[in-house]
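Work through these short exercises with the structure open beside you. Try each task before you read its solution.

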Amino acid sequence: MRILGVLLLSVCCTTPLLAQEPDTTAVDDDYIEEDFSIYANAEIAGGGKRFCTSKVYDQSPNKLVSVGWDFQGSHTLTLDALGDSPAQELDVQSVQGFRFSANFPVVSKTNVLINLGVNYWESHYTIDNSDQHTLAQALQDRALRTTGLLATVFKPLNETHFILVQGAANLSGDYFFPDFQPLNLTRYSATFIYGWKKHDRLLYGFGLTRTYRIGEANYVPVLLYNYTFPSRAWGIEAAFPARANLRRNFSSRSLAFIGYELEGQSYRIESIEGIGGIADPELRRSELRIRATFEHSLKDFIWVSAQLGLRYNWNFNLDDGDLFRGFGDEDYALENDLTNALYFNVSLNLVSP
């Protein structure tokens, strides 16, 4: 209940700022692209110093509030033996769930900008004969949930250089509301980027991220690259290796993308704790989403977004504890597999001006 109160307080405290500072972020658990274009010509009082922004021409609008639904089609789940449950191959009819995110500015000075946000995702599994395996039963009966807090600091140094720092704290597992997990199971991600705004069509930066996108903690370099072609009909929006998209601008109210995104978290599965000798079960869930996206303004700042693509399984193994493996090939406590599935995602969004 304490963490739920913190989330509600965060939304209540930041919502009144929306009308005053229409800045936003696209919520993510590793890296967040900020919309600071409204400060493009900002100057420090008495100093006359100008600062760069993190937007390029025709870049997709960032989302203040997003409410959506995610659906994966049928596929096969192969589970290793666990306790009294033998190795099994089960049919998953669908995986679906509600998604919500919100992000608002709390500090908007000319020389530093800070955003805070919240996000909530859930995945409900429908599995044939799920009672035949302990893990499958946990997935169907309890589902998987992620509840997170986000913070981003954008620090423009001058007209050309900037620093971007982002941190996220997520509770992920098979919990129910209001019976939350203990706070010591929080998993933390962070990103640091040093970047250059070369001109109004090109922005790039290099940095390092601590991420759970592959399902377990890892440290990888990150490349931020946003570019709009001279024709302004096409562009690239990328935070590699997490995601990359080729953008097509049809108008200021309609655009499309082709690309991919890597999604993942480590989920504490408390319902099977101690089974099979696993004291601290963590499901390493990670998936690569190859997709096409279309976004359109319904009216003013209200946009609809639709995705259609392939969900490619990256990791669905069970570990004993929150271990740092790097890129090692050590055996997991339970090695599982998912076949790939088609998926779609639709959302209604309030975007920044």
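## Exercise 1: Salt bridges

Arg289 and Asp70 join their side chains in a salt bridge, 2.7 Å from N to O. A salt bridge is a side-chain nitrogen of Lys or Arg within 4 Å of a carboxyl oxygen of Asp or Glu. This is a predicted model: local features need pLDDT of at least 70, side-chain atom pairs count only at pLDDT 80 or more, and totals for chains, interfaces and linings use all residues. Residues are numbered from 1 along each chain as its sequence is written, and side-chain values use heavy atoms, with hydrogens and water left out.

Task: Find which strands hold Arg289 and Asp70, and state whether the two residues are buried or exposed.

Solution.
- Step 1. Arg289 sits in strand E15 and Asp70 in strand E3, so the pair ties together parts 219 residues apart in sequence. Strands (E, at least two residues) are DSSP runs, numbered from the N terminus.
- Step 2. Arg289 and Asp70 are both buried. Buried means under 20% relative accessible area, exposed over 50%, and partly exposed in between (1.4 Å probe, protein chains only).
- Step 3. Both residues belong to a salt-bridge network with Arg99, Glu263, Arg285, Glu287 and Arg311.

## Exercise 2: A second pair

Task: Arg50 forms a salt bridge with Glu159. Locate both residues and classify their exposure.

Solution.
- Step 1. The closest N and O atoms of Arg50 and Glu159 are 3.5 Å apart.
- Step 2. Arg50 is in the loop between strands E2 and E3, and Glu159 in the loop between E7 and E8, 109 residues apart.
- Step 3. Arg50 has a relative accessible area of 35%, so Arg50 is partly exposed.
- Step 4. Glu159 is at 48%, so Glu159 is partly exposed too.

## Exercise 3: Strand E16 and Trp314

Task: Describe how strand E16 pairs, then place Trp314 on it.

Solution.
- Step 1. E15 (residues 281-299) pairs with E16 in the antiparallel sense over 18 bridges. Two strands pair if DSSP finds at least two bridges between them.
- Step 2. E16 also pairs with E18 (residues 341-351), antiparallel, over 10 bridges. Ser305 stands opposite Ser347 in E18.
- Step 3. Trp314 lies in E16. Its relative accessible area is 49%, so Trp314 is partly exposed.
- Step 4. Beyond its neighbours within four places in sequence, Trp314 contacts Ile214, Leu262, Ser286, Glu287 and Leu288. Contact means heavy atoms within 4.5 Å.

Conventions: Helix = DSSP H or I, 4+ residues; strand = E, 2+ residues; numbered from the N terminus.
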